[in-house]
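Subject: Structure for your review

Dear colleague,

Please find the structure below, together with its sequence. A description of what was found in it follows.

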Amino acid sequence: MGFAIPMAKAQSIIENLMNQETRDKLTSDYGFLNITGQDVSSDVAEMYSIPEGVYVSGTTDGGAAANAGIQKGDIITEFDGKQIGSMEELSSTMEYYKAGTTVDVKIERSTNGEYQEQTISVTLGKKN
C-alpha cells in the first residue's frame, strides 16, 4: 500500500522543520511558565466552542506567565512556534528551554464571548 501527499501541502511543513532550531533536552534548570492548566481536547473544544490547547486555570503570582500578562481563562495554543494540545505536551516541550529564555507563546483570550489570538513574549522562570 502506498500513500502520497501533495507537495503543495508538504512544502510548508518541510520548510518549518528545516528552519527549526535544534535543542538538547535539559536535565536541570529548565524553564517554567508557573501555571496550572487543563487540556482542551478536540471533543471539549467542539462541545464548548473554544480553541484546542491548554486552558490556564491559574497562574503563580510573580511567575513567568503572570509577569508576561497570561491570565486565568487564556488558552495556550502554541509555544515557540510549536502547537500545544495538552499540559503534558507543554511540560515536555519546556524541558528543552533554560530558565531565563524568552519565547513567544500564542494564546486565545475570550473578549466579549469571542476568542482572539495574541502572541505574548514570556521569559521562562524557575519552578516555584
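Helices (H or I, at least four residues) and strands (E, at least two) are DSSP runs, and they are numbered from the N terminus. Please bear in mind that this is a predicted model.

With that numbering, Asp 29 can be placed in the loop between H1 and S1. Its phi is positive, at about 60°, although Asp 29 is not a glycine. Is Asp 29 buried, partly exposed or exposed? Asp 29 has a relative accessible area of 46%, and partly exposed residues lie between 20% and 50%, so Asp 29 counts as partly exposed.

A similar note concerns Ser 49, which sits in the loop between helix H2 (42–48) and S2. Ser 49 is a residue other than glycine, yet its phi has a positive value near 55°. Because exposed means over 50% relative accessible area, Ser 49 counts as exposed at 61%.

I turn next to the strands. Strand S1 (residues 35–40) and strand S2 (residues 53–59) run antiparallel and are joined by 6 bridges; here Val 40 stands opposite Gly 53. S2 also pairs with strand S3 (residues 75–79) in the antiparallel sense, over 2 bridges, and Tyr 55 stands opposite Ile 75 of S3.

Strand S5 (residues 102–111) pairs with strand S6 (residues 114–123) in the antiparallel sense over 10 bridges. Val 103 has Val 122 in S6 as its bridge partner. S5 and S6 form a hairpin with 2 residues between them, and Asn 112 in the turn has a positive phi of about 55°.

Which residues touch the most other members of the largest nonpolar core? They are Leu 33, Ile 76 and Phe 79, in a core of 19 residues. At least two residues of this core come from each of S2, helix H3 (64–68), S3, helix H4 (87–94), S5 and S6. S5 gives the most, with 3 residues. In soluble globular proteins, nonpolar side chains tend to be buried together. Leaving aside neighbours within four places in sequence, Phe 79 is in contact with several residues, including Ile 84, Leu 90, Met 94, Tyr 97, Val 103 and Leu 124.

Finally, there is a nonpolar patch on the surface. Met 7, Ile 14 and Met 18 make this patch, of about 320 Å². Met 18 belongs to helix H1 (residues 7–19), and at 62% relative accessibility Met 18 counts as exposed.

Yours sincerely

Definitions and conventions:
Residues numbered from 1 in each chain as written. Predicted model: local features only at pLDDT ≥ 70, side-chain atom pairs only at ≥ 80, totals over all residues. Heavy atoms only, no water. Pairing = 2+ DSSP bridges. Patch = residues over 30% accessible without salt bridge, like charges linked within 9 Å, V, L, I, M, F, W, Y side chains within 5 Å. Areas by Shrake-Rupley, 256 points an atom, 1.4 Å probe, with all protein chains shown as cover. Salt bridge = Lys/Arg side-chain N within 4 Å of Asp/Glu carboxyl O. Buried < 20%, exposed > 50% of the residue type's maximum accessible area, 1.4 Å probe, protein only. Core = buried A, V, L, I, M, F, W, Y, C linked by side-chain atoms within 4.5 Å. Contact = heavy atoms within 4.5 Å.
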